[in-house]
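Let's take a walk through this fold together. Have the model open in your viewer and turn it as we go.

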Amino acid sequence: MSTARGELVLTLAVSAAAATLLVADYRKTPFDALFDDVARRRTLPADLLRALARHESRFRADAVSGENTNKTRDYGLMQVNEATARALGRDVRRLLEPAYNVETAAELLVRLRRELGPLWSLHTWIASYNAGSPAIKRHGVFNAAYVASVSWHHTLYQLAGLVAGPRSG
């Protein structure tokens, strides 16, 4: 084998090993079957649901935020805000149920995608989940650190799927 080819093979092997180590923590979540089911039914990226849940609650179904500036709280895996849940016609008392919480967040994501229309991109979608689409449309102001964190998690979940293959329920 030529030196250049040997170096390329070694570089590829090291890159693959590094990618495998990088995404090891992103291979499985406790709620993969739920994320996959809701994503399929709502035509959403399952890895975005995973990334949001990881950032929002670290997969804690019982997570409840402190009081927000508008005197509301965020609940569950996806940290759905109680005012948002009410606006969606959802029962706030059920937001600590994982399936109900993820389904509520998915409904919000679907609505945000529709509301954003031509402004839609992954980053505006994530920003809107955090701040609401009216805030993004009117002011263009969003939490850049939030968007970067969720985007990073989303990318690593996608990479984990490529490195290790499809997740099993």
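What follows is a tour of the overall layout, then the helix packing, then a few loop residues.

First, a word on what you're looking at: this is a predicted model. The protein chain has 8 helices and 2 strands. Read from the N terminus, the order of elements is α-α-α-β-β-α-α-α-α-α, so the strand pair in that order sits between α3 and the later helices. Of the 169 residues in the chain, 42% count as buried. If you take the contacts between residues at least 6 apart in sequence, 50% of them join residues at least 24 apart.

Now to the helices. Two packed helices are described by the angle between their axes and the distance between the axes, and we can go through three pairs that way.

Start with α2 and α3. Helix α2 covers residues 32-42, and α3 covers 46-57. Their axes lie 8 Å apart, and the packing angle is about 130°. The two are therefore oblique to each other, and their crossing is right-handed. On the α2 side, the residues to pick out are D32, F35, D36, V38 and A39, and they meet A46, L49, R50 and A53 of α3. Sorted by class, this contact has 6 nonpolar residues, no polar ones and 3 charged ones.

Helix α3 also has a contact with α6. Here the axes come within 12 Å and cross at roughly 40°. That angle makes α3 oblique to α6, and the crossing is right-handed. From α3, the contact uses L48, L52 and E56, while α6 brings L122, W125, I126 and Y129. The tally for this one is 6 nonpolar, no polar and 1 charged.

So what does α6 meet besides α3? Helix α5 is one partner. The axes of α5 (residues 98-116) and α6 (residues 122-131) come within 10 Å, with a crossing of roughly 125°. That makes this pair oblique too, and the crossing is right-handed. Look along α5 for A105, L108, L109, L112, R113 and L116; their counterparts in α6 are T124, W125, S128 and Y129. By class, the contact has 7 nonpolar, 2 polar and 1 charged residues.

It's worth pausing on α6 itself. W125 and Y129 turn up in the contact with α3 and again in the contact with α5. Both belong to a buried run in this helix: W125, I126, A127, S128 and Y129. Just past the end of α6, G132 takes a positive phi of about 95°.

Next, the loops. Go back to the N-terminal part and find V23, in the loop between α1 (3-22) and α2. Is V23 buried or exposed? Its relative accessibility is 3%, so V23 counts as buried. While you're there, look for H153: V23 and H153 are 130 residues apart along the chain, yet their C-alpha atoms are separated by 9.7 Å.

The loop between α3 and β1 deserves a closer look, and F59 is one of its residues. F59 has a positive phi of about 65°, although it isn't a glycine. F59 is also buried, with a relative accessible area of 14%.

Further along that loop, which runs on to β1 (74-75), you'll come to S65. With 15% relative accessibility, S65 counts as buried because the cut-off is under 20%. What does the side chain of S65 reach? It reaches the backbone nitrogen of D74, at 2.8 Å. Setting aside neighbours within four places in sequence, S65 is in contact with R73, D74 and Q79.

That last partner, Q79, has its own story. Q79 lies in the loop between β1 and β2 (80-81). Like F59, Q79 isn't a glycine, and Q79 has a positive phi of about 50°. Q79 is buried as well, at a relative accessible area of 10%. The S65 contacts with D74 and Q79 thus link what you saw in the α3–β1 loop to the β1–β2 loop.

Technical notes. Residues are numbered from 1 along each chain as its sequence is written. This is a predicted model: local features need pLDDT of at least 70, side-chain atom pairs count only at pLDDT 80 or more; totals for chains, interfaces and linings use all residues. Side-chain values use heavy atoms; hydrogens and water are left out. Axes are lines fitted to C-alpha atoms, for helices over the stretch in contact, and angles run from 0 to 180 degrees between N-to-C directions. Helices (H or I, at least four residues) and strands (E, at least two) are DSSP runs, numbered from the N terminus. Angles under 35 degrees count as roughly parallel, over 145 as roughly antiparallel, 65 to 115 as roughly perpendicular and the rest as oblique. A crossing is left-handed if the near helix is turned anticlockwise from the far one by less than a right angle, and right-handed if clockwise. Contact means heavy atoms within 4.5 Å. Ala, Val, Leu, Ile, Met, Phe, Trp, Tyr, Cys and Pro count as nonpolar, Asp, Glu, Lys and Arg as charged, and the others, Gly among them, as polar. Buried means under 20% relative accessible area, exposed over 50%, partly exposed in between (1.4 Å probe, protein chains only). A polar contact is a pair of N or O atoms within 3.5 Å; within protein, one must be able to donate a hydrogen and the other to accept it, and residues adjacent in sequence count only if both atoms are side-chain atoms.
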